[in-house]
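Here are some worked exercises on a single protein chain. Have a go at each task before you read its solution.

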Amino acid sequence: MRANSSMCGTKHMPVSVTRFGMVVAGIFLLPWLALIALGGYWLWQHGWIYQGMGILSANFALVYGLLHWRSRTAQPVFVRPFAIQPNANWSDKAQSAWRELEPLAKRWQTETDLLTDTGKALKLTNEVLMLVARHFHADSKYPLLEFPLPYLLKLIVLVCDDIQHEVLDKIPGSHAVRVGDLLRAKQAVDTLHNLKSAFTIGNWLFNWSGAALAQARGVLFSKGLNTVTTELSQRLVSAYINKLGYYAIQLYSGQLSLDDIVPTERLSAASTADIAESLARGQSMEPLRFLVLGQVSSGKSSLINALFGEIKSAAGFLPVTSDMTPYVLEREGLQQAIIIDSAGYGGLTPGTASGALKREWASADVMLMVCNAAQAARAVDAQQLDAVRHYFQQDCPNQTLPVIIAVATHIDRLRPVREWQPPYQIQQPDNAKARSIRQACLAIAEDLSLSPDCIVPVCLAPEKTAYNIEDGLLPLIHEHLNAAQRVRYLRCLRQQQAESYWRHWRKQALNAGQLILDGVDGKVKR
């Protein structure tokens with residue numbers, strides 16, 4: 001019997017609690033319901049019931065529309081996104097790693113408690129670092145550890161310096177407020193919160209209507225505050241992922257340098273030798289390097305002469321350029337550049353051709369591939385560019401492929417051969433000669449796997465005025481100047497890192513030798 005009575009008691013207990021809650025809710029809601037009923041009666045008495053219902057419906061529709069728009073739009077209302085852009089000087093592989101961070105950031109943006117959950121923060125940090133490390137060291141068993149210790153310390157210094165500037169620039173009074181002040185402010189806020197709780201209880205006892213209005217305002221304010229907090233958390237999570245990924249790419253891609261110097265502000269060894277050979281003086285910054293490639297009699301030497309406006313390279317039908325010949329070019333709108341005239345294919349000896357060309361490939365910022373538009377045999381040119389692309393993919397993964405521009409020469413020999421009345425509208429050809437030139441450019445673009453926008457038709461015949469150098473080739477070079485400067489930056493960075501690598505080895509060896517000598521001297525004196 002006792003067991004049955006206890007069971008009955010447990011069944012009826014939730015019902016009584018539920019009824020008590022309903023009674024309490026009714027006590028608080030009854031005044032508001034009565035107020036609504038009295039207000040509706042007053043509007044009906046004065047004949048304003050329809051106008052009141054219309055205004056009320058319009059308000060409901062407006063609020064619903066705003067909430068619906070807010071739920072569908074992707075634009076932030078309260079907090080602007082933090083703009084963190086990739087480094088413009090990164091290699092293509094580093095740019096690819098940056099793009100892989102985007103889906104990761106979208107997936108973690110929903111974790112609004114990330115900033116307060118240490119476990120989730122550590123998990124996110126590990127996931128970002130592992131993603132970047134595997135991108136650059138996929139074959140390593142421990143990709144996270146693929147970095148020298150001094151570079152990690154250098155990265156920590158850069159991160160701290162970045163955070164210092166962000167705090168000083170973005171947080172007013174951060175240079176004057178002490179950490180102890182923040183702790184005392186938090187204690188004061190907690191005290192005020194306790195006093196507010198006591199005041200709220202008294203307000204409900206003696207002024208329930210005012211307390212209800214205050215509670216309603218508090219609910220609306222908390223809703224808005226939650227919206228702002230959610231958006232702010234999403235922006236901070238995205239900024240954290242992008243910033244962490246940025247520095248991880250800097251570390252694992254070898255973008256960092258132990259020396260505090262901009263790589264392009266000092267001459268590379270190759271440029272120093274070339275400028276000395278060309279009798280140039282007073283050069284203080286690394287120039288852009290142009291490598292001219294092409295078959296025998298394609299017009300390479302004529303192109304170099306046209307760029308300088310004077311005879312710099314011997315032109316003819318025999319491969320007279322047996323080695324790499326540098327020329328220093330200075331033109332208006334183009335900083336000092338080095339033009340490297342290479343031998344026509346077959347001009348270099350078989351034993352040195354591959355090594356000499358590869359060294360120039362690695363030190364070139366722009367490659368000018370000279371092709372005879374009147375000659376369909378371009379398999380050798382295609383093989384040359386394929387070898388260049390393969391070389392940068394396999395041997396120079398942390399550098400960027402140079403800007404490649406194909407120069408279509410001998411366009412005056414295209415059909416109709418006897419016609420030559422420049423200029424010609426290549427984009428929208430209006431005669432037979434212009435159509436032949438356009439078809440030749442499209443064929444070169446297809447054979448060399450280049451964009452048609454990177455093909456420039458020129459005429460360099462000695463008996464004719466040079467055509468489309470000033471109006472075609474040089475403007476196209478200026479369009480690709482930013483890309484060429486990016487290639488130059490990475491090229492100088494790799495050389496500076498190589499020089500720094502061996503310089504530190506020498507310095508450490510000397511220090512170690514000095515320590516050994518000091519130890520031997522100490523033992524001898526004893």
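Is arginine 378 buried or exposed? Arginine 378 counts as buried, at 9% relative accessibility; the cut-offs are under 20% relative accessible area for buried, over 50% for exposed and partly exposed in between, with a 1.4 Å probe and protein chains only.

A quick word on the ground rules. This is a predicted model, where local features need pLDDT of at least 70, side-chain atom pairs count only at pLDDT 80 or more, and totals for chains, interfaces and linings use all residues. Residues are numbered from 1 along each chain as its sequence is written, and side-chain values use heavy atoms, with hydrogens and water left out.

**Exercise 1. Get the overall picture of the chain.**

Step 1: take the secondary structure. The chain has 14 helices and six strands, where helices (H or I, at least four residues) and strands (E, at least two) are DSSP runs numbered from the N terminus.

Step 2: look at burial. Of the 526 residues, 34% count as buried.

Step 3: check the contacts, meaning heavy atoms within 4.5 Å. Among those between residues at least 6 apart in sequence, 69% join residues at least 24 apart.

**Exercise 2. Find the partner of arginine 378 and place the pair in the chain.**

Step 1: look for a salt bridge (a side-chain nitrogen of Lys or Arg within 4 Å of a carboxyl oxygen of Asp or Glu). Arginine 378 has one with aspartate 447, and their closest N and O atoms are 3.2 Å apart.

Step 2: place both ends. Aspartate 447 sits in helix α12 (residues 432–448), while arginine 378 is in the loop between β4 (366–372) and α11 (379–394), so this pair links distant parts of the chain, 69 residues apart.

Step 3: compare with the burial given above for arginine 378. Aspartate 447 is partly exposed, with a relative accessible area of 35%.

**Exercise 3. Describe two further salt bridges out of the set.**

Step 1: count them. The structure holds eleven salt bridges.

Step 2: take the pair of aspartate 341 and lysine 300, whose side chains meet at 3.6 Å, N to O. Aspartate 341 belongs to strand β3 (residues 334–341) and lysine 300 to helix α9 (residues 300–308), so the bridge ties together parts 41 residues apart in sequence. Both ends are buried: aspartate 341 has a relative accessible area of 0%, and lysine 300 has 7%.

Step 3: turn to glutamate 102 and lysine 106, where the closest N and O atoms are 3.7 Å apart. Both lie in helix α3 (residues 92–108), four residues apart, or about one turn of the helix. Glutamate 102 is partly exposed at 47% relative accessibility, and lysine 106 is exposed at 56%.

**Exercise 4. Work out how covered helix α9 is, and what comes after it.**

Step 1: count the buried residues. Seven of the nine residues of α9 are buried, so the helix is mostly covered.

Step 2: name some of them. Among them are Lys300, Leu303, Ile304 and Phe308.

Step 3: step past the end. Glycine 309 follows α9, and its phi is positive, near 75°.

**Exercise 5. Describe how α3 packs against helix α4 (residues 118–136).**

Step 1: get the geometry. α3 and α4 pack at an angle of about 155°, with their axes 10 Å apart. Axes are lines fitted to C-alpha atoms, for helices over the stretch in contact, and angles run from 0 to 180 degrees between N-to-C directions.

Step 2: name the arrangement. α3 is roughly antiparallel to α4, a label for angles over 145 degrees.

Step 3: list who touches whom. The contact includes Ala97, Leu101 and Leu104 of α3, and Leu124, Val128 and Leu131 of α4.

**Exercise 6. Characterise the surroundings of methionine 367.**

Step 1: locate the residue. Methionine 367 lies in strand β4 and is buried, with a relative accessible area of 1%.

Step 2: check a residue far off in sequence. Valine 292 is 75 residues away from methionine 367 along the chain, yet the two are 6.0 Å apart in space, C-alpha to C-alpha.

Step 3: list the neighbours. Leaving out residues up to four places away in sequence, methionine 367 touches Leu291, Leu293, Trp361, Val388, Pro402, Val403, Ile404 and Ile405.

Methods:
Parallel < 35°, antiparallel > 145°, perpendicular 65-115°, else oblique.
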